[in-house]
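This report describes a two-chain protein model in terms of its loops, contacts, salt bridges and annotated spans. The structure is shown first, and the description follows.

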Amino acid sequence: MENALNVTRTIMEISTQVAIAGVGISIFMLLYRVIKGPTNPDRAVALDVMGITLMALAGLVTILLVTTKLNDVVLLIGILLFIGTIALAKFIEKGVIIERDNH
Amino acid sequence: MKINSNDLILKTMTSIIAFILLGFSIYLFFAGHNAPGGGFIGGLMTSAAIVLMNMAYGQEGMKSSLPINFRFLFKLGLLIALATGMGSFLFNEPFLSQTFAYFQLPVLGRTELATALLFDLGVYLTVIGITMTIILSIAEDHKEELSE
């Protein structure tokens, strides 16, 4: 019984490390798009997806460290990413982020 | 440059998401004693919700629906923090001493209430006030200078 527990723990650790490697590779490929991207919207979308992979990375590190204290961080990255992406999109579309009057 | 815009999706999403953000910020504020969180990150989350509403509805629309003077808010926060520090003088204790006790609350049951929460409330209000003052002052662009 204890043997099965150890085997499961080892499989968990190995699969988490493989997933971290995959997310790391995807971050580097997105970094290529941020640097090379022909237009600014390309860079904005690449940064957005990069933040989502960062959320995945935080979740995987949570599994690796066996803690629940990082769960707030995942939610926090998501919220800040959403607000940042909206600000970038408004700036690209209208040139102003917070409008002074509505009429 | 003001083009006739139609932000229906952004405005509808904002009215839902802003409440989730405010709830998360209040959770972070109260969780700060035994878990990650506290007044600083809670205040930053609240100001993120207010910034999101500002981006969706514009500065004039927010001024009428949320009539808070943020310059007053950080003065209030600093005063609360100072008052909780001075409050320990009433019990012949050094400056900024803190204590806690267990109370039987109606819904929550047996709860630990610490005086550090009141100091954290001061930090919370100060962070909201300063962040929103900085962002809204930057967003007010050159139109006032032109009218002078």
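Asn92(B) is placed in the loop between H3 and E1 of chain B, where helices (H or I, at least four residues) and strands (E, at least two) are DSSP runs numbered from the N terminus. Asn92(B) is not a glycine, yet its phi is positive, at about 55°. With a relative accessibility of 73%, Asn92(B) counts as exposed; the classes are buried for under 20% relative accessible area, exposed for over 50%, and partly exposed in between (1.4 Å probe, protein chains only).

This is a predicted model: local features need pLDDT of at least 70, side-chain atom pairs count only at pLDDT 80 or more, and totals for chains, interfaces and linings use all residues. Residues are numbered from 1 along each chain as its sequence is written, chains are lettered from A and ligands numbered from 1 in the order in which they are written, and side-chain values use heavy atoms, with hydrogens and water left out.

**The H3-E1 loop and the nonpolar patch**

The loop between H3 and E1 of chain B also holds Leu96(B). Leu96(B) has a positive phi of about 65°, although it is not a glycine. Its relative accessible area is 45%, so Leu96(B) is partly exposed. Phe95(B) lies in the loop between H3 and strand E1 (100-105) of chain B, and its relative accessibility of 43% makes it partly exposed.

Both Phe95(B) and Leu96(B) belong to a nonpolar surface patch of about 680 Å², together with Leu79(B), Leu82(B), Met86(B), Phe89(B) and Phe119(B). Patches are made of residues with over 30% relative accessible area and no salt bridge; like charges are joined within 9 Å, and nonpolar side chains (Val, Leu, Ile, Met, Phe, Trp, Tyr) within 5 Å. The accessible areas come from the Shrake-Rupley method with a 1.4 Å probe, and for residues only the protein chains shown count as cover. Helix H3 (residues 70-86) of chain B gives the most to this patch, with three residues.

**Pro36(B) and Ser47(B)**

Pro36(B) lies in the loop between helix H1 (8-31) and H2 of chain B. It is partly exposed, because its relative accessibility is 33%. Not counting residues up to four places away in sequence, Pro36(B) touches Lys69(A) and Asp72(A) as well as Leu28(B) and Ala31(B); contact means heavy atoms within 4.5 Å.

Ser47(B) is part of helix H2 (residues 39-65) of chain B. At 2% relative accessibility, Ser47(B) counts as buried. Leaving aside neighbours within four places in sequence, Ser47(B) is in contact with Thr131(B) and Met132(B). Pro36(B) and Ser47(B) are 11 residues apart along the chain, and their C-alpha atoms are separated by 19 Å.

**The interface and the salt bridge**

The size of an interface is often given as the accessible area lost when the parts come together. Buried area here is the accessible area (1.4 Å probe) that two parts lose on being put together, summed over both. Chain A and chain B bury about 2,300 Å² between them, with 66% of it on carbon and sulfur atoms. On the chain A side, Lys94(A), Ile98(A) and Arg100(A) lose the most area to chain B, together 32% of what that side buries. The contact takes 18 residues from chain A and 30 residues from chain B.

A salt bridge is a side-chain nitrogen of Lys or Arg within 4 Å of a carboxyl oxygen of Asp or Glu. Between chain A and chain B the count is zero salt bridges, and over all chains the count comes to one. Glu99(A) forms a salt bridge with Lys90(A), their closest N and O atoms being 3.3 Å apart. Glu99(A) counts as buried at 7% relative accessibility, and Lys90(A) counts as buried at 5%.

**Annotated spans**

UniProt positions are given in the numbering used here, feature names are shortened, and annotations may be inferred rather than shown by experiment. An unreviewed UniProt entry places "transmembrane region" at residues 14-32, 44-67 and 73-92 of chain A. For chain B, the unreviewed UniProt entry lists residues 12-31, 37-58, 70-91 and 113-139 under that feature name. Among these spans are the following.

| Span | Helix | Strand | End C-alpha distance |
|---|---|---|---|
| Residues 14-32 of chain A | 100% | 0% | 28 Å |
| Residues 73-92 of chain A | 100% | 0% | 28 Å |
| Residues 12-31 of chain B | 100% | 0% | 29 Å |
| Residues 70-91 of chain B | 77% | 0% | 33 Å |

The UniProt annotation "domain: Na+/H+ antiporter MnhB subunit-related protein" (unreviewed entry) covers residues 9-133 of chain B. Over residues 9-133 of chain B, the chain is 68% helix and 10% strand, with the end C-alpha atoms 28 Å apart.
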